[in-house]
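Biologist: I would like to learn how to read a few features of a protein model, taking them one at a time. Could we look at it together?

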Amino acid sequence: MAPKDSNTPTGDRRVRRTQTALARALIQLVEERDLSRISVSDVADRAEVSRSAFYDHYRDVHELAEAACTAMIDALIESLPVPAPDSADPVQDATHSLTAFFASLAEHAGLYRSLLGPQGSARVTDHIRRRIAAAIHRAREATADHLPERAPSGSPHDVSAAFTAGAMIGVATDWLQRGCPHPLPRWPP
């Protein structure tokens, strides 16, 4: 949900400041307990804003979680190295990308464990899955000789990107729930 429009720069700063405070509060709370046990009141109290200020920006805690994690998710995905199209060892390149992905997850393990775990947010999980699938699709377009077939609607139909993203989320969730055991997951097994 987009913030309410404001015509003044001061209003924009206030909106950003409120959204930042809400996001920071939610991230702190998720480190303490499961997302399913966090209420709008908890977030508003921690952020030191009113409940109505919360509802000026978000419908519920899950929508805030999605918004709060978008920057982290995007940074995580953007940090993944893209294999070169003429790579001599694509398996090694993929291994390097996956290692970087799991190392980044480990940095914020408590947050991701709460968001992706059994009491987490299906919306956030789906959001992460879609972002990963889109990044995989872009990487494939950049390195492939051909584009995936187009669905009748004209949108790309990239089953392998969706499959890979779903698998990554599944493995990441399992790994996080087991306490991020070392060494990091290896590919291929």
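**Reading side-chain pairs and helices**

Modeller: Let us start with one pair: the side chains of R33 and D42 meet in a salt bridge, with N and O 2.9 Å apart. This is a predicted model, in which local features need pLDDT of at least 70 and side-chain atom pairs count only at pLDDT 80 or more, while totals for chains, interfaces and linings use all residues. Residues are numbered from 1 along each chain as its sequence is written, and side-chain values use heavy atoms, leaving out hydrogens and water.

Biologist: What counts as a salt bridge, and how many does a search of the whole structure find?

Modeller: A salt bridge is a side-chain nitrogen of Lys or Arg within 4 Å of a carboxyl oxygen of Asp or Glu. The search of the whole structure finds seven. One of them joins D174 and R178, at 2.9 Å from N to O, and salt bridges that share partners also link D126, R129 and R130 into one network.

Biologist: Are R33 and D42 buried or exposed?

Modeller: The words depend on relative accessible area: buried means under 20%, exposed over 50%, and partly exposed in between (1.4 Å probe, protein chains only). R33 has 21% and D42 has 24%, so each of them counts as partly exposed.

Biologist: How are R130 and D126 placed in their helix?

Modeller: Helices here are DSSP runs (H or I, at least four residues), numbered from the N terminus. An α-helix has 3.6 residues a turn, so residues three or four places apart point the same way. In helix 7 (residues 122–143), R130 and D126 are four residues apart and therefore separated by about one helical turn. The two form a salt bridge, with their closest N and O atoms 2.9 Å apart.

Biologist: Which residues of helix 2 are buried?

Modeller: In helix 2 (residues 40–47), the buried residues are V40, V43, A44 and A47. Seen down the helix axis, they fall within an arc of 95°, so they line one face of helix 2; the arc is that of the directions from the axis to the C-beta atoms.

Biologist: At what angle do helix 6 and helix 8 pack?

Modeller: Axes are lines fitted to C-alpha atoms, for helices over the stretch in contact, and angles run from 0 to 180 degrees between N-to-C directions. Helix 6 (residues 109–116) and helix 8 (residues 159–177) pack at about 115°, with their axes 9 Å apart. Contact, meaning heavy atoms within 4.5 Å, is made by A109, Y112, R113 and L116 of helix 6 and by T173, L176 and Q177 of helix 8.

How values were computed: Helix = DSSP H or I, 4+ residues; strand = E, 2+ residues; numbered from the N terminus.
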